[in-house]
Structures are given as C-alpha cells and as structure tokens.
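Reader: I am new to this structure and would like a close look at a single part of it, the surroundings of the bound molecules. Could you take me through that place step by step?

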Amino acid sequence: MRALRFDNRFVRELPGDPEAENHVRPVHGACYSRVQPTPVRSPTLLAWSREVAQILGLDEADVRSAEFARVFGGNALLPGMAPYAACYGGHQFGNWAGQLGDGRAITLGESINARGERWELQLKGAGPTPYSRHADGRAVLRSSLREFLCSEAMHHLGVPTTRALSLVATGEQVVRDMLYDGNPRPEPGAVVCRVAPSFIRFGNFEIFASRGEEALLERLIDFTIARDFPALAAEPAPAARRIRWFEEVCRRTAVLVAHWMRVGFVHGVMNTDNMSILGLTIDYGPYGWVDDFDPDWTPNTTDAGGRRYRFGNQPYIAHWNLWQLANAIHPVVREEAPLERALAAYADIHDAEYRRMMQAKLGLAQWRTGEGDDDGALARLHKLLAAGEVDMTIFFRRLADVDPAVPSLLPFDEAFYDPARRAAVETELLGWLRDHGARVLADGLPAAERRAVMLGANPLYVPRNYLAQQAIDAAENGDSSELETLLEVLRRPYDEQPGRERFAARRPDWARNRPGCSMLSCSS
Ligand code: AMP
Ligand code: MG
C-alpha cells in the first residue's frame, strides 16, 4: 500500500494520559490516552468509498491489498500512525453523564494529503480503550454498515458529515441484545474507518469545564481554533477569538440541522458527545430516515418514551446542546452577553437557512413573510403530509412534476401509505397545490429553472432504513453486492437512474414495524 503521510497534532500539542496500560478508568488532566487497536481474527474488506480513498491519495490496488484490510481492521499500523482514544464527557438525554470518551473509537492519525489537507482516520469498533466503561469496544456489522453507508450518502446529499473510508469484517462474533429485550445473540463484527478533519465534540470541552480543569479547557479551545478554524486564528485577542469561534460553531450547527430537516434525517441520539465541533453529522447510531412525514417520529427505541430526539425537535435540541457548550466555555471567555447573543443568532441563522432550503424545495424565487406568508403555507403542508401519511421524499421530489397551472394529485400516487389516510386529506391537499401553483406562477421563476432548483433540493434516493436493512441482511449472509449497488445509487441522489427505481420506492409494508427498519436501538 502507498505510504500515507501523518502529522499528529492532537497528540503532539495536547497533554495525554501518562498511564500507558489499557484498562477502564477515569482520566484526569489529559485530552486523550494512547491505545492500540486490538487485532481481530480475519480482517476482510467488505466495502470502501472511492471518493474518500481518492481524497487520501489511495487507489483501488491500495485498498484491495492485504495490508489495507489489516490496517483498517486494526491488526497493523502504518509508519507515522499514533493511535489514541479521546477523553470527553457529555449530556445524554438531557442529563450530565460525566466521562464518556472514545470507548470503541481509536484515532490512528492525522493524514496529510497531496493538497495539504488534514484528515483524521479513526477506527470504530477496534477494541477496548480506557473509556470503554462496561462495554467491549466492538461494533456489529449491522451498525457499522449503517454508519459507512449513511455517512457517504449524506456527503453526496450535500449534508455536512464525517466520511467513511472502509468497512472491514472482523471474522469475529459480537454479542448484542439488539432491542434490549433480554435476547442477546452473536452477530458478525466489523470495523469502520471514518474520516474527518476533526472528531472533536462538544463533550471534549464539557469534560474539562465539569472538572474545573480550566487551563486544559483553554488549551483545547485554542488548539481547536488553530488547527480546525484557521480563518479565526488571526484574531489576536483571546477572548474575542474564542467568542468568534463559538459564533462559528453556532452557525455551522444551525446549517447542519437545517439540512437534516431538508432531507428527512433523524439523528436519534443528539447527546452533546455526539455533536461535532465542526458542525458535521457524527456518530451514526440509531438514526433513521423519515418515510411518512411525521415530526414526532424518533427511530431510537431508547428515546421512544420522551421523544426528545424526534424529527421536529432537532433544531431545539441543537440549540440546547450549544447552550451546554456555552456554559462549558464560559469560564475561559468570562463574558456572558456575547455567548447569549451567539445562541440567539443560532435560531435566526437556522430559520434563515431552513427557509432558504424550503424555498428551493418548493421551487420559489423568494420566501415571502408577512401577508400571505410562505411560513404559513409550509406549516399547512406539513400538517397535511402528516395527517395523510405521505412519504416525505417522494412528495417533495414529485412536486416538480406538478403543473402549477393545472395542479393534480396524480404525481403523488406512490407517496401514500394508507388509502384511508389519503382520502382524508385529498381535497385539502389539492387545495394546497392550487394555492401553491398560483403562488409559483406569480413568483415568476422560469419553469425549467424552477424544476432544476427543485430537483437539486429534493433527493430521489435516500438511504431509507429498509434499504439499509436489506443490505445488512445480504451482507450478514456473505453477500455485499447489495451494499455496493446501494452505495452506487446513493452517489447520485438527485439524478434519475433508469433501472434503479426500486431504490426510490416508499417503505414496503413488511418494513413498517420491523426492527432495523422502523425501530433501532443504541445496541450496536
Ligand atoms: P454513543 O451513544 O454510541 O454515542 O456512545 C456513548 C458512549 O458509549 C461513548 O463514550 C462510546 O464510546 C461508548 N460506547 C458505545 N458502545 C460501546 C462499546 N461497544 N464499547 C465501548 N464503549 C462503547
Ligand atoms: Mg457517541
């Protein structure tokens, strides 16, 4: 395999845990612990992303080499790698949970590509670390495949995300109780290599604030700005620099969540340890894709009671999480007002971004507020989509096929799940389409341009839960071709792909209540 070049600033510039032994413990006064991946029985490459390989400067021969599977399965290191697990804490389901940390993620190193970009390579499922608490540090194929597939799909959808280089089967079994119902069973294990400029989370800062380790908190903030936000590093005054940085984190998070709402993605576990400081989608677990439009839907069975992380709540939870980050960094910023202003700006930025995206989804030249406003029309549409159990992706995609002069429900035949629910909203929905048609005609975007804008904002293909589950079922039986095809389709989510219509189909009936398709758990 071709040589990768590493420059491991995180471990070079930040203090590490002096203890070298790999056992579970609280780690104080350190940003990370050095730890080696635990080798697996027979690492075998199941899937890889050619785009990510290319970013890193690897070609197909590199990826298909025996060494690649060994390295990205956790059995070997390349020269220059300096593996570690990061220390972080977090608020889980609204409560401070103390030290969490990379319990099954191990960063191998920061790779510098030919363009000079820094890409951190991180294995997920590579064995225990000092942060593994009561768990084994491993991951099952089911969840690893879901992370691999969805992170690449999100990228192609235009949603900020961590990436995935590879999915490697371990040849070992991992025991999991998938639905936490007392039925543990062995499942095939796998390791994903995920890739991002940085895997730092809100929780990396919160842990030091919670312990009163202010010097370390300050170091980590300044490191993060210098390495990951170079455009802000020029500001010489530390307090002003840190405030600018927090504003930027708020801005990126606002944009991120607006995208999730645009494409129908529900993260499922928006704990502060799962919030990327770069505003990337991170830690794909019991996430889900909205099939029938339902703002109250949560894919995560652990969240079924409170529905904290339901689809429609995500913008508020992101704000709550930023609030926790503001509390954490306050001791080194020492001023409340600018942090509060940034938090208030989050809501404005999110709303503006969301409206910009909805404007494109609806094919409008501008968003009208005030008289006859588009917010009201959108709220009305959302109510109808929920009441009528209408598929979100299909509805918005087919909206481009409606003739604004003669609106009809015909383009939406495939979007309904239940004839009775359809019948209940048909008249009102047609009324909405007529109003929208009139609005569009008055709005004045030329038809071809409008269509192009809409098709560019409304994906045809998304990694629906049942599609991922079918790829998992096949892969567990030794067939990764379904995953390969799905990945291929999801590389061009906005393009019609003749012969691949089945990947754009609404959720079939068998998947309505099947675990993995509608119900997911953190057990992975
Ligand atoms: P998550 O809900 O996946 O974000 O995980 C929350 C915390 O639990 C993080 O600190 C993870 O590293 C840790 N964790 C989750 N699964 C495992 C596992 N199988 N082994 C060790 N730690 C884990
Ligand atoms: Mg996590």
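Author: What follows is a walk around ligand 1 and the metal ion. This is a predicted model, in which local features need pLDDT of at least 70 and side-chain atom pairs count only at pLDDT 80 or more, while totals for chains, interfaces and linings use all residues. Residues are numbered from 1 along each chain as its sequence is written, and side-chain values use heavy atoms, with hydrogens and water left out.

Around ligand 1 there are 16 residues (a heavy atom within 4 Å), and Gly101, Gly103, Arg133, Gly137 and Asn274 come nearest. By class, this shell holds 8 charged, 6 polar and 2 nonpolar residues, where Asp, Glu, Lys and Arg count as charged, Ala, Val, Leu, Ile, Met, Phe, Trp, Tyr, Cys and Pro as nonpolar, and the others, Gly among them, as polar.

Nitrogen atoms of ligand 1 also lie close to arginines: a polar side-chain atom of arginine 104 is 3.3 Å from one, a side-chain N or O atom of arginine 176 is 3.2 Å from one, and for arginine 138 a backbone N or O atom lies at 3.2 Å. Taken alone, ligand 1 exposes 480 Å², of which the protein buries 83% (Shrake-Rupley method, 1.4 Å probe).

The magnesium ion, ligand 2, is coordinated by Asn274 through OD1 and by Asp283 through OD, at 2.0 to 2.2 Å (donors are N, O and S atoms within 2.8 Å of the metal, or 3.2 Å for Na, K and Ca). Asparagine 274 is buried, with a relative accessible area of 10%, and aspartate 283 is buried at 12%, because buried means under 20%.

Definitions and conventions: Chains lettered and ligands numbered in written order. Polar contact = N/O pair within 3.5 Å; in protein donor to acceptor, adjacent residues only side chain to side chain. Buried < 20%, exposed > 50% of the residue type's maximum accessible area, 1.4 Å probe, protein only.
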